[in-house]
2 protein chains.
Amino acid sequence: LATEEGLIDAFLRHRPRSPAVPVDIGDDAAVRADGSVITVDTLVEGIHFRSDAAPFALGGKMLAVSVSDVAAMGAVPRHAVISVSSPAGRGPWLGELAKGLGKACATYEVDLIGGDTTGSPGPCVLSLTLLGELLEAPWRRSGARPGDHLLVTGTLGLAGAGWMDPAPSPAATDALATPRPPWRLPRAFHRAGVPVHAAMDLSDGLATDAPRMAAASQVALHIDPHALPAVPEVASRPDRLRLQVCGGEDYQLLLAVPAAAVTQAKAVASSEGIPLCDIGEVRAGTGAHLIDTPWPGGAFRHFGASP
Amino acid sequence: LATEEGLIDAFLRHRPRSPAVPVDIGDDAAVRADGSVITVDTLVEGIHFRSDAAPFALGGKMLAVSVSDVAAMGAVPRHAVISVSSPAGRGPWLGELAKGLGKACATYEVDLIGGDTTGSPGPCVLSLTLLGELLEAPWRRSGARPGDHLLVTGTLGLAGAGWMDPAPSPAATDALATPRPPWRLPRAFHRAGVPVHAAMDLSDGLATDAPRMAAASQVALHIDPHALPAVPEVASRPDRLRLQVCGGEDYQLLLAVPAAAVTQAKAVASSEGIPLCDIGEVRAGTGAHLIDTPWPGGAFRHFGASP
């Protein structure tokens with residue numbers, strides 16, 4: 001969101017800059033000189049989740065969205081701290097949230113090592129800071145090169161259906177409530193020596209995210225709209241493409257890898273149970289393009305635009 | 001606050017525990033195996049700051065309260081990430097907040113390396129996560145030993161007057177708005193070899209904080225009420241003691257050091273321009289006690305209890 005990026009810019013513009021921090025704003029996480037990465041994500045009741053959201057799943061989502069950012073840097077998640085600001089009378093709800101977060105910590109092998117909870121006269125605000133450990137040089141958004149292939153993990157569009165449909169299917173509701181980022185991919189690629197030129201996570205949808213990688217890398221991304229992976233429930237819908245590129249909330253990875261490494265990358269991902277799909281290529285130029293197809297109109301924003 | 005600690009407990013109870021994290025809950029910051037410490041603090045509009053708070057000072061306070069936590073561990077502040085959830089129409093206010101945070105980053109030699117900003121239908125919520133670097137074994141709350149002396153940095157009570165008085169003095173208003181934690185003390189003590197057995201920062205006031213150190217260390221703290229350092233404005237007031245032990249918001253350090261090291265500790269602190277005052281001693285027993293004086297009644301909470 002333009003406003004959000006402008007605000008972060010305002011904060012970062014006023015800070016002293018250090019050469020010891022090679023990557024900071026504009027990537028999925030900041031990189032520290034010691035090889036750790038750090039990211040913070042905040043979920044606000046009424047904006048990012050509804051007041052009747054199931055707290056157990058929400059606790060897990062708090063962590064999963066940050067795990068996705070860490071994975072997008074080619075790092076492994078390690079330690080988290082949380083901040084919870086909540087109106088009074090939410091004890092049982094927060095207890096379920098804590099259980100869901102605890103389960104997600106076990107899933108992603110993350111230690112929750114601290115936190116701050118405060119009262120609030122307003123909506124519940126959940127913020128989580130996650131530290132991860134790099135296995136190799138960070139995967140940046142800026143490294144895509146002409147000739148690279150574009151790969152995407154998992155499938156796209158089901159989570160978008162979860163919030164766009166008035167009465168979403170159970171599978172779509174689940175995809176929205178419980179993102180499953182491919183967090184094991186960085187380690188598997190590192191061990192196998194799969195080269196990754198660029199990576200980012202897909203949180204806002206390809207129509208928003210792909211241009212960011214194109215701009216950071218100063219290249220053009222050409223994406224085949226027919227190659228975008230979908231579960232049958234999404235693939236069969238007339239609004240499939242819109243769901244897949246505008247829906248957002250996918251928490252999958254978009255990767256740019258050399259053409260010669262695509263077969264190996266797919267094999268390594270497959271061995272981890274992670275689908276990896278070749279959706280296009282990097283060329284000289286600018287911007288992100290759907291091949292022979294305009295980007296679907298009526299791009300929308302997350303929950304902010306929904307009832 | 002009992003409720004807050006209960007909530008954090010609920011979150012941490014459900015997480016997997018790791019032997020790689022020697023200190024987590026119950027101290028000022030969590031310690032990671034790599035020698036870094038991490039703390040998160042959240043300020044909520046209407047609870048921790050008033051809607052008409054000066055944003056420049058508030059931006060600095062966001063960082064200072066966390067710098068205080070890091071100093072209390074014997075660590076040096078390094079990297080911060082922020083989360084800002086704000087209602088619409090606060091652009092100029094947030095710009096001033098960013099400037100104040102930027103200035104504080106320069107003061108405390110902290111790199112702001114990332115952040116997340118979101119809209120909110122409710123009050124502004126500011127959360128900051130700070131990473132610090134340990135110089136030696138962490139200063140814990142639990143290490144005070146009988147025979148240690150209790151030292152406190154700076155003075156106590158002025159910030160409390162800033163929020164308790166209906167029409168506070170400019171100095172009291174400033175002390176409340178702009179905490180100045182003695183963040184250079186850990187490095188100075190480390191270089192000089194001053195031994196610190198236990199430390200914590202004073203954010204809620206001695207009446208609340210001293211019993212926490214006593215409990216963590218399983219000792220008794222005996223504090224001389226006449227020895228508590230105060231600026232003249234506070235020292236001359238009939239409610240001096242209440243301000244000094246119940247007011248909170250001091251962001252000074254309470255330290256337990258061996259009796260033999262008190263003179264050296266004072267000299268080293270003095271060389272850094274940090275006042276250090278001997279306020280009592282550690283004995284076998286339990287609890288925190290004012291010598292020959294009951295704790296002032298009517299303990300109150302931060303802004304939550306004020307109009």
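Contact here means heavy atoms within 4.5 Å. By that yardstick, residues 24 or more positions apart account for 85% of the chain A contacts that have a separation of 6 or more. Keep in mind that this is a predicted model. Below is a quick tour: chain A overall, then the cysteines, then a helix pair in chain B.

**Chain A at a glance**

- Chain A has 10 helices and 11 strands.
- Of its 307 residues, 59% are buried.

**Cysteines without partners**

- Looking for disulfides to set up? The count over all chains is 0.
- A:Cys246 is in no disulfide, and the nearest cysteine sulfur, which belongs to A:Cys277, sits 18 Å away.
- A:Cys246 is also buried, at a relative accessible area of 4%; the cut-off for that label is under 20%.
- Over in chain B, the cysteine sulfur closest to that of B:Cys277 is in B:Cys246, and the gap is 18 Å. That is too far for a bond, because a disulfide needs the two sulfur atoms within 2.5 Å.

**The spot around B:Cys124**

- You'll find B:Cys124 in a chain B loop, between β4 (111–119) and β5 (125–134).
- B:Cys124 has a relative accessible area of 0%, so this loop residue counts as buried.
- Leaving out residues up to four places away in sequence, B:Cys124 touches B:Leu43, B:Val44, B:Glu45 and B:Phe49, along with B:Ser85, B:Ser86, B:Pro87, B:Arg90 and B:Trp93.
- B:Leu94 is 30 residues from B:Cys124 in sequence, and their C-alpha atoms are 9.9 Å apart in space.

**How α6 and α10 of chain B meet**

- As a rule, two packed helices are described by the angle between their axes and the distance between the axes.
- For helix α6 (residues 185–192) and helix α10 (residues 262–271) of chain B, the axes come within 10 Å and cross at roughly 125°.
- Why call α6(B) and α10(B) oblique to each other? Their crossing angle is roughly 125°, and the oblique label applies because that value falls outside the ranges for roughly parallel (under 35 degrees), roughly perpendicular (65 to 115) and roughly antiparallel (over 145).
- The crossing of α6(B) past α10(B) is right-handed.
- On the α6(B) side, the contact is made by B:Leu185, B:Ala188, B:Phe189 and B:Ala192. The α10(B) side brings in B:Gln264, B:Ala265, B:Val268 and B:Ala269.
- Sorted by class, the contact of α6(B) with α10(B) has 7 nonpolar residues, 1 polar residue and no charged ones.

Conventions:
Residues numbered from 1 in each chain as written. Chains lettered and ligands numbered in written order. Predicted model: local features only at pLDDT ≥ 70, side-chain atom pairs only at ≥ 80, totals over all residues. Heavy atoms only, no water. Buried < 20%, exposed > 50% of the residue type's maximum accessible area, 1.4 Å probe, protein only. Axes fitted to C-alpha atoms, helices over the stretch in contact; angles between N-to-C directions. Helix = DSSP H or I, 4+ residues; strand = E, 2+ residues; numbered from the N terminus. Left-handed = near helix turned anticlockwise from the far one by under 90°. Nonpolar A, V, L, I, M, F, W, Y, C, P; charged D, E, K, R; others polar.
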